[in-house]
Amino acid sequence: MSNSAGTTGALPDLKSMLARLIAQPSISSASPKWDHSNEAVIRTLADWLEPMGFDVEILDVPGAPGKYNLVATLGQGPGGLVLSGHTDTVPFDDQRWQSDPFTLTERDGRWYGLGTCDMKGFFPLAIEAAREVVGVQLRQPLIILATADEESSMNGARALAEAGRPKARYAVIGEPTGLRPVRMHKGIMMERLRFDGQSGHSSNPSLGRNALEGMHEALTELLALREQWQAKYQNPNFEVQVPTLNLGCIHGGDNPNRICADCELHFDLRPLPGMDMDTLRQAILDRIRPVAERRSLSLLFEPLFDGVPPFETSADAELVRACEKLTGHTAHAVAFATEAPWLQKLGLETLVMGPGSIDQAHQPDEYLELSQLDPTVRILRGLIKQFCL
Ligand SMILES: [Zn+2]
């Protein structure tokens, strides 16, 4: 791997940079036992970017102590290009790793370590690409964005969208796509539906209100809605071309000879681009509420998490065209969700494209192929040239 010393000779080489990021645990998780601060990773990036001439801002994520976003800006102007990545990783299964997940280990032409491909590896490569324009007068700014909690709540991206930061024209999120441009993904919703009735002796149904029977009706309604949505919405860009609704788990009641007093269902919905999450929730509620009313059950319907909206950037967008040209691949759709909807909400033309494969993400022995390094830097430099110089 070539490493031009350039004007920022003080920077470590690519491998040392990534080794340092990998050595700093920054797991994000809904489970407090796993959850870490991402401060060390953010400070490390700031330490590298500041001497390069970037104007570095570290922003708190409201309501998430110890979590930060970083916005580093080189140059000035209203437009500009954002290279964005998340600083956190998922938890890991120690027993199943062949080497220490926090020690960057090279073998078989790969760098192993937790976060190598998803997606700490993107930062040293973006920095390497940026080195070329250090000291150069940019027409539009180059912004390196590092976010918190992408793997858990997406609260870092949410906070940025609320704060209206960063301002720019284009954004590339360096999630592992094998350097193929991605311009759409489905959304993710996880919902809780609960009926509470009243228990009573099973010999006389009038003694209680059966939550499980209510749920039986609700399930029928949900499956009918799914059929409607799948008939109405199809997108041939996706491997699964229709929106999905998965009944994930159900719990209710306690004994065969008691009227079931409570029943709770958790389900997952994956809307296609063009489907609005609030509208979907309302449609569900409109079907479920009459069931609850008819059976005098109390109803709780709420999201298990805030959800990720579906994302789509138009096939003829300038950034899509530019990335297709630089990579030689047509932009496509993926099955995983990203922070793209929030960057898009900020008015940025957004695309997902980065080194490494999603097949290695969230896996023991996560790695980044060394063969991805040079092409990544080349592509990012091409984008910087087109959108900043
Ligand atoms: Zn990721």
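## Zinc site

His86 and Glu175 are both buried. The model is predicted. Each of these residues donates to the zinc ion: His86 through NE2 and Glu175 through OE, listed twice. Asp118 (OD) is also a donor. The donors lie 1.8 to 2.7 Å from the zinc ion.

The donor residues follow the spacing H-x31-D-x56-E in sequence. His86 and Glu175 link distant parts of the chain, 89 residues apart. His86 sits in strand S3 (residues 81-86). Glu175 sits in the loop between strand S7 (170-173) and strand S8 (182-185).

## Site geometry

The 4 donor atoms make angles of 52 to 143° at the zinc ion. The site is therefore irregular, since tetrahedral geometry would need all angles between 85 and 135 degrees.

## Helix H8

Helix H8 spans residues 318-327. Its buried residues are Leu319, Val320, Ala322, Cys323, Glu324 and Thr327. Their cover includes S7, S8, strand S15 (349-352) and helix H10 (373-387). S7 and S8 also flank the loop that holds Glu175. Just after H8, Gly328 takes a positive phi of about 75°.

## Cysteines

The structure holds 0 disulfides. A disulfide needs two cysteine sulfur atoms within 2.5 Å. For Cys117, the closest cysteine sulfur is in Cys323, 19 Å away, so the two are too far apart for a bond. For Cys323, the closest is in Cys388, at 12 Å, again too far for a bond.

Cys117 is buried, with a relative accessible area of 2%. Cys323, one of the buried residues of H8, has a relative accessible area of 0%.

Terms used:
Residues are numbered from 1 along each chain as its sequence is written. This is a predicted model: local features need pLDDT of at least 70, side-chain atom pairs count only at pLDDT 80 or more; totals for chains, interfaces and linings use all residues. Side-chain values use heavy atoms; hydrogens and water are left out. Donors are N, O and S atoms within 2.8 Å of the metal (3.2 Å for Na, K and Ca); water is not among the atoms, so sites may look incomplete. Four donors count as tetrahedral if all angles lie between 85 and 135 degrees; four count as square planar and six as octahedral if opposite donors are over 155 degrees apart and all others between 65 and 115; anything else is irregular. Helices (H or I, at least four residues) and strands (E, at least two) are DSSP runs, numbered from the N terminus. Buried means under 20% relative accessible area, exposed over 50%, partly exposed in between (1.4 Å probe, protein chains only). Contact means heavy atoms within 4.5 Å.
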